[in-house]
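Here are a few exercises to work through with the model open beside you. Try each task on your own before you read its solution.

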Amino acid sequence: PPATMERAVVRCVPSEPKLSLRFVLPDGSARHMQRDQAEPLGRALARIATNAAKGPGKGGKKSKKARAEDGAEGEAAPPDVRLFSRDGAAVAEEVPNAAAWQDGAVLHIGAARYRVERNPPALTDLRLPRSLLAGFPVCPKVSAEFAAPQHCLFRWFREQRPAGGGDAAGEAWVEAAADERVFTPSNALVGLRLKLRCTPGDGAQRYGPAREVESSGPVEAGPGACTFDARHLYTRKVCGQGSVRAVSYNILADTYAQTEFSRTVLYPYCAPYALEIDYRQNLLKKELAGYSADLICLQEVDKSVFVDSLAPALDAFGLEGLFKIKEKQHEGLATFYRRDKFSLLSQHDIAFSEALLSEPLHKELCDQLAKYPVVQEKVLQRSSVLQVSVLQSTADPSRKLCVANTHLYWHPKGGNIRLIQIAVALSHIKHVACDLYPSIPVIFCGDFNSTPSSGTYSFISSGVIAEDHEDWVSNGEEERCSMSLTHPFQLLSACGEPAYTNYVGGFHGCLDYIFIDKNALEVEQVIPLPSHEEVTTHQALPSVSHPSDHIALICDLKWK
């Protein structure tokens, strides 16, 4: 068949009852038909024939005038319509549509020939971030059907500088990079807009129609040195197969950063533009990508930030993301794992309040808590969640990991509430790591909103909390709820007890931890935190060179 054969594009997926067929008739009129997948081919071909006989227009009836001009040909006999398989044999008319319309088949409509393309790769969405900074990676959001971003082709263009800026006039766009899914604009591109051309591919040498997207604004100058630049010197490469690099980071939800209260009271020292989500996302994506991590546990992740920004960006760096929303809020937890090191076996996410009420596992704690209605009410009002993912090593399937991630209640006087939350968390993790997957190692990351001197930290580290611990009365006698609790794990703070992991105008302290199972895992290295000088360059966090009010914890762990 001639190479210039027209295309007949068929979309046929099992979950939908109909298949769709698109082609353009020789007279230039486009046809789009929906047919039942189970219908015999003969009926579809007959329908194509009558459709083709109608000629141009929306496949509708012709006007009297048009019929008169056509003369006898106006009611032309329908063309002969047949479908031939790749090997040239005619496809029998009783074959159902779903089986008949195979890739590479040839459709004859009279003298016209169409090559059937079944489920060709197609882009459903292609977007660039709103803010582009020189020196920071630009990660497009690519959504595709019958294609995968890692198999798509990418070509980046930059705007031509206005006349007098060197290059000869003419072409408005100049190629800036080819074959790069992520593009980092240089300082030379400041003031210019970018354009991306993406061609969807499926990894089997099939490509669909390209789409283009232009940036809404020009590349802007970046902030220069950031707090994480020095840390990246330790994390240039992904660590070896026997090791796991873990990151825990509260990234400061937009929901909280952009309020009037945040701008005027919490972070008055931070330039307003540096609190904007688009700006902070640029920094965050560069920071996280540069850690070459195997596991990343994030807190305060806005749903839209996960879907539109972080998941597509980290996907390009080999990480798969999981999200757990906090009901009532628009933010939650995200866990990312390196695809070529781990596969996901199962997820066991819970909301503390719900689990406490409904899971038999927590009945004893629930009954004890019922004796303290004021505290019980407070615990049940919180929307805090726990994300638990069981991962399996791809190199050694006998190695599994239980990765937990949480963000506990924030109030300074809420120590008693946090103790209840962590008790629920540890019971739940015990259920997963002791009952469902006997004796698998635990890595428990999060913003625990608890300093090393707190009851919560002490309980996690020692495995016990006494009923006379002062945190049971953290909010005064009337909110006392005394219980003695235990958990079976031997957990260690992998990054120790840094002076602070949160540094804002009115507070600094260590609130974030990566707890590890000390029987199964050991710490290979802890990536140093930014120096006090770096953290306080712009008074406190966040700043133009640091995207959150917390600092990421990073450590390399290895199996014992």
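**Exercise 1: M5 and its surroundings**

M5 sits in the segment before β1 (6-11), where strands (E, at least two residues) and helices (H or I, at least four) are DSSP runs numbered from the N terminus. A word on ground rules: this is a predicted model, where local features need pLDDT of at least 70, side-chain atom pairs count only at pLDDT 80 or more, and totals for chains, interfaces and linings use all residues. Residues are numbered from 1 along each chain as its sequence is written, and side-chain values use heavy atoms, with hydrogens and water left out.

Task: work out whether M5 is buried or exposed, and which residues M5 is in contact with, leaving aside neighbours within four places in sequence.

Solution.
- Step 1: check accessibility. M5 has a relative accessible area of 11%, so M5 is buried (buried is under 20%, exposed over 50%, partly exposed in between, with a 1.4 Å probe and protein chains only).
- Step 2: list the contacts (heavy atoms within 4.5 Å). Beyond those sequence neighbours, M5 touches V106, R113, Y114 and R115.
- Step 3: compare sequence and space. M5 and A112 are 107 residues apart in sequence, yet their C-alpha atoms are 8.5 Å apart.

**Exercise 2: Salt bridges**

Task: find how many salt bridges the whole structure has, then look at what three of the pairs link up.

Solution.
- Step 1: count. A search of the whole structure turns up 29 salt bridges (a side-chain nitrogen of Lys or Arg within 4 Å of a carboxyl oxygen of Asp or Glu).
- Step 2: take R7 and E117, whose side chains form a salt bridge at 2.9 Å, N to O. R7 belongs to strand β1 and E117 to strand β6 (residues 112-118), so this pair ties together parts 110 residues apart in sequence. R7 is partly exposed at 38%, while E117 counts as buried at 18%.
- Step 3: move on to R245 and D556, which meet at 2.7 Å, N to O. R245 is in strand β15 (residues 243-250) and D556 in strand β31 (residues 553-559), so the parts they tie together are 311 residues apart in sequence. Both R245 and D556 are buried.
- Step 4: now E260 and R263, a salt bridge at 3.9 Å, N to O. They are three residues apart in helix α6 (residues 260-266), so about one helical turn separates them. E260 is exposed at 52%, and R263 is partly exposed at 32%.
- Step 5: look for a network. Salt bridges link D125, R127, K141 and D308.

**Exercise 3: Domain 2 meets domain 3**

Task: describe the interface between domain 2 and domain 3: how many residues are in contact, and what area is buried?

Solution.
- Step 1: set the bounds, which come from an automatic or database domain assignment. Domain 1 covers 6-50 + 80-118, domain 2 covers 122-214 and domain 3 covers 228-559.
- Step 2: count residues. 15 residues of domain 2 are in contact with 14 residues of domain 3.
- Step 3: get the area. About 1,200 Å² is buried between domain 2 and domain 3, with carbon and sulfur atoms giving 58% (accessible area, 1.4 Å probe, that two parts lose on being put together, summed over both).
- Step 4: add the charged pairs. There are four salt bridges between domain 2 and domain 3.
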